[in-house]
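Hello,

Here is the structure I promised to send over. Have a look at it first, and then read on for what turned up.

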Amino acid sequence: MRALTDVTSETLRRWRQSKGWDVPRMARELRKAARDSGEDVAAHHGLVKMIPQWERGNRAPRERYRLLYLKVFTDALGGLPHGMDAVDLALRLAEVRSRATSLPGPSQIRALEAAALAKPRQTMTPAEIRALAAEAIAHLHEVVGKLAELSALLGDDEAGEGKP
């Protein structure tokens, strides 16, 4: 496991965002982890003020809070795949979700296909363009499938809602 000093303010923010949590939810999760481990932490409203400061880098969380972050995200992810630490996993998940939101949806793909068919290149027939578009759509479906598998492996509730 990476040293706790490697957990940056950016990492804390990405961890929280990778689960889609707002600051009050993060505070509740930290308090729950503290309660489960017998730790004494700040009140909810205090954590709600501290978390943004930690995430902006204005203050560094004490070691007990960094440990609670690790506990929250290790528990929330249902443990970690062999050889992967919580920092790497949370960063990779946040990156995958960020990229997934920029993928075109089915209606955008149909609009691109229609635009391509309206002005076909002289070197490509409409049938070739349709075949290329179908291949691109198939690849996008593969990506969506892999994102759903990743979410399921991580025990993510959003996978059931059809979100990457």
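One cut-off before the details: a residue is called buried under 20% relative accessible area, exposed over 50%, and partly exposed in between. Lys32 has a relative accessibility of 41%, so it counts as partly exposed. Please also keep in mind that this is a predicted model.

**Overall picture**

The chain contains seven helices and zero strands, so reading along the sequence simply gives α-α-α-α-α-α-α. Of its 164 residues, 30% are buried. About 10200 Å² of the chain is exposed, and carbon and sulfur atoms account for 53% of that area. If you take the contacts between residues at least 6 apart in sequence, 62% of them join residues at least 24 apart.

**The core**

Which residues touch the most other members of the largest nonpolar core? They are Met26, Leu30, Leu47, Ile51, Trp54 and Tyr69, in a core of 20 residues. Two or more residues of this core come from each of helix H1 (9–18), helix H2 (23–37), helix H3 (44–56) and H4.

Leu47 is a good place to start when you open the model. Setting aside neighbours within four places in sequence, Leu47 is in contact with Ala27, Leu30, Arg31, Val41, Ala42, Pro52, Trp54 and Tyr65. Two of these partners, Leu30 and Trp54, also appear in the list of core residues that touch the most other members.

**Salt bridges**

As a reminder, side chains of opposite charge can pair when their charged atoms come close. There are five salt bridges in the structure, and three of them are described here.

- In helix H1, Glu10 and Arg14 sit four residues apart, about one turn of the helix. Their side chains form a salt bridge, with N to O at 2.9 Å. Both ends are partly exposed: Glu10 has 30% relative accessibility, and Arg14 has a relative accessible area of 33%. Arg13 belongs here too, since Glu10, Arg13 and Arg14 are linked in a network of salt bridges.
- In helix H2, Glu29 and Arg25 are likewise four residues apart, about one turn of the helix. The N to O distance in their salt bridge is 2.7 Å. Glu29 is buried, at 18% relative accessible area, whereas Arg25 is partly exposed, at 31%.
- Also in helix H2, Asp36 and Lys32 are four residues apart, so about one helical turn separates them. Their salt bridge has its closest N and O atoms 3.5 Å apart. This is the Lys32 mentioned at the top, partly exposed at 41%.

**A buried arginine**

What is the nearest side chain of opposite charge to Arg66, and how far away is it? It is Glu63, 5.4 Å away. A salt bridge needs a side-chain nitrogen of Lys or Arg within 4 Å of a carboxyl oxygen of Asp or Glu, so Arg66 is buried yet has no salt bridge. Arg66 lies in helix H4 (residues 63–76). A polar atom of the Arg66 side chain is, however, 2.6 Å from the backbone oxygen of Pro61.

I would enjoy hearing what you make of it.

Best wishes

Note on methods:
Residues numbered from 1 in each chain as written. Predicted model: local features only at pLDDT ≥ 70, side-chain atom pairs only at ≥ 80, totals over all residues. Heavy atoms only, no water. Buried < 20%, exposed > 50% of the residue type's maximum accessible area, 1.4 Å probe, protein only. Lys, Arg positive; Asp, Glu negative; His and termini not counted. Polar contact = N/O pair within 3.5 Å; in protein donor to acceptor, adjacent residues only side chain to side chain. Contact = heavy atoms within 4.5 Å. Areas by Shrake-Rupley, 256 points an atom, 1.4 Å probe, with all protein chains shown as cover. Core = buried A, V, L, I, M, F, W, Y, C linked by side-chain atoms within 4.5 Å.
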